[in-house]
Amino acid sequence: MSKTAILEIDGNKYEFPVIVGSENEVAIDIEKLRAATGAITLDPGYKNSGSCKSDITFLDGEQGILRYRGYAIEDLAEKANFLEVSYLVIFGELPTAAQLEKFENDIRKYTLVNEEMKNIIDGFPKTAHPMGVLSSLTSALTAFNPKVVNVENEEEMYTAVCKTMGKFLVLATWTFRKTSGFPLNYYDNTKGYVENFLRLMFELPTGPYNVNPVIVDALDKLFILHADHEQNCSTSTVRMVGSSHAGLFASISAGVSALWGPLHGGANQAVLEMLEEIQKDGGDAEKYLAKAKDKNDPFRLMGFGHRVYKNFDPRAKIIKKAADEVLATLGVNDPILNIAKQLEESALQDEYFKSRNLYPNVDFYSGIIYRALGIPTDMFTVLFAIGRLPGWIAQWKEMRVNKEPIGRPRQVYTGYALRSFKPMNER
Ligand code: CMC
């Protein structure tokens, strides 16, 4: 029997359907709320509002569960590679060997970026943050690929996916080559996607670049862990922008901007900067813990807390283990790590953090591991974006294929009632 929810306003009762998801999550369907009652709901930060139904990612923040298309993140991180997971997230099923090979080859067809893009890159100062440059370059792709994708046509959509996966990776690394002053590199179609990331970043025309397979494996895993996270800030942004029928590149460009913020993906850079600051200030982790708890101090412990995880972030568990392994294999001995460990241990025992369910999140460890892998700090969030790209594409595609309406929230107006206009000499 289907459930309903009853709402009473001014003595009048209204009944609304209750929707139950495939993992038994319960939602009150208020689509007809305003038409029936004249009222709207108010939910700043959308803490209680579902914006869509989605088949892509399941997340249980209380139990620390994350699954893409029904597969546990732990299994995917252990047993699959990033392109395999991208295919799964975007198209809904794990690829066969032939499908995966085709996907990889089809992405390779689109790894050349129009040479005129270099003029745009030249226009940025060297000091520009890579995320700002990446957002602009992704948006600029529209100018070079103006054809609007017909989302109903599977072949066109597939090509758009491959194009986005190919070009975005190259542009992401070009943002670093620009800041470092090195010549821009080209994708090597004889090599894998993640290996190409490293070559695009670090290979110089002056000599061979030996790719370390330990680093390729670690990055592959990190990209998988970031591939999707249901309706987070950047993904909701991609869906929102796309809901106006803006193109895929324009929508993803907006997602990059949303991800950049330090409360979202930008936290991985902020964590490292915080650890460096603590180190410069004498390495006293307790002092910063106290600052984070002080309500008169705006300082927050970066890399702690999560909107939906009120238990350990399952991605953080996997990264923490990977970080320990990679650091041991590479023989990295970094004093910053000791500060991170101290902070983590103290926070996990602290009443303030315990009572608020504030655990280390994915960004706490990813920054540490990126640093050990030799990735420059201001590229950390760009790596998050490369990992999140399949999720953004999948969510954009789902939203368009499901013919979702334009995203247009309402508001409760709290400004002045009608006022009469005052001429300039009376103000
Ligand atoms: N340090 C100190 N106090 C915190 C922190 C923190 N990092 N995070 C939350 N709190 C406190 C907050 O002050 C509040 O306390 P009180 O109830 O006394 O007012 C309580 O915990 C609840 O916080 P909130 O801001 O209402 O929680 P939220 O769900 O709106 O925010 C968050 C989630 C991730 C924005 C927040 O935890 C935060 O700012 N964390 C630091 C930034 C960070 O690491 N972001 C990366 C998130 S994971 C990657 C991703 O998916 O984007």
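User: Which residues touch the most other members of the largest nonpolar core?

Analyst: Phe-197, Leu-219, Leu-275 and Leu-301 do, out of the 121 residues in that core. Keep in mind that this is a predicted model.

User: And which helix gives the most to this core?

Analyst: Helix α7, residues 154-180, with 13 residues.

User: Back to Phe-197. What does Phe-197 touch?

Analyst: Setting aside residues up to four places away in sequence, Phe-197 touches Leu-169, Thr-173, Leu-219, Phe-223, Ile-375, Leu-383 and Ile-386. One of those, Leu-219, is also among the four that touch the most other core members.

User: Okay, new topic. How many salt bridges does the structure hold?

Analyst: There are 21 salt bridges.

User: Which residue pairs up with Glu-195?

Analyst: Arg-199 does, and the closest N and O atoms of that salt bridge are 3.0 Å apart. Both residues sit in helix α8, residues 193-202, and they are 4 residues apart, about one turn of the helix.

User: Is Arg-199 buried or exposed?

Analyst: Arg-199 has a relative accessible area of 12%, so it counts as buried, the cut-off being under 20%.

User: Which salt bridge links distant parts of the chain?

Analyst: Take Arg-371 and Glu-276, whose side chains meet in a salt bridge at 3.0 Å, N to O. Arg-371 belongs to helix α17 (residues 362-372) and Glu-276 to helix α12 (residues 267-280), so this pair, 95 residues apart, links distant parts of the chain. Arg-371 is partly exposed, at 29% relative accessibility, and Glu-276 is partly exposed too, at 25%.

User: What about salt bridges that share partners?

Analyst: Lys-102, Asp-106 and Lys-109 are joined into one network that way.

User: And what does Glu-156 meet in a salt bridge?

Analyst: The side chain of Lys-147, at 3.5 Å, N to O. Glu-156 is partly exposed, with 24% relative accessibility, whereas Lys-147 is exposed, with 63%.

User: Where is Glu-344, and is Glu-344 buried or exposed?

Analyst: Glu-344 is in helix α15, residues 335-349. Its relative accessibility is 7%, so Glu-344 counts as buried.

User: Which residues is Glu-344 in contact with?

Analyst: Not counting neighbours within four places in sequence, Glu-344 is in contact with Phe-304, Lys-320, Pro-360, Phe-364 and Tyr-365.

User: Let's look at helix α18. How many of the residues of α18 are buried?

Analyst: 21 of its 22 residues are buried, so α18 is largely enclosed by the rest of the structure.

User: Where does α18 bend?

Analyst: At Arg-388, by about 45°, with a proline, Pro-390, following within four residues. As for the span of α18 (residues 380-401), 32 Å is what 1.5 Å a residue should give, and the end C-alpha atoms are 32 Å apart, which agrees.

User: What follows α18?

Analyst: Lys-403, which has a positive phi, near 55°.

User: Zooming out, how many helices and strands does the protein chain have?

Analyst: The protein chain has 18 helices and 6 strands. Buried residues make up 47% of its 427 residues.

User: What is the radius of gyration of the protein chain?

Analyst: It's 23 Å, which agrees with the value near 22 Å for a compact globule of 427 residues. Along the principal axes, the C-alpha atoms fill a box of roughly 75 × 70 × 55 Å.

User: And what share of the contacts comes from residues 24 or more positions apart?

Analyst: 71% of the contacts in the protein chain with a separation of 6 or more.

Note on methods:
Residues are numbered from 1 along each chain as its sequence is written. This is a predicted model: local features need pLDDT of at least 70, side-chain atom pairs count only at pLDDT 80 or more; totals for chains, interfaces and linings use all residues. Side-chain values use heavy atoms; hydrogens and water are left out. A salt bridge is a side-chain nitrogen of Lys or Arg within 4 Å of a carboxyl oxygen of Asp or Glu. Buried means under 20% relative accessible area, exposed over 50%, partly exposed in between (1.4 Å probe, protein chains only). Helices (H or I, at least four residues) and strands (E, at least two) are DSSP runs, numbered from the N terminus. A nonpolar core is a set of buried Ala, Val, Leu, Ile, Met, Phe, Trp, Tyr and Cys residues joined through side-chain atoms within 4.5 Å. Contact means heavy atoms within 4.5 Å. The expected span of a helix is 1.5 Å times one less than its number of residues. The bend at a residue is the angle between axes fitted to the seven residues ending there and the seven starting there. The radius of gyration is taken over C-alpha atoms; the globule rule is 2.2 Å times the number of residues to the power 0.38.
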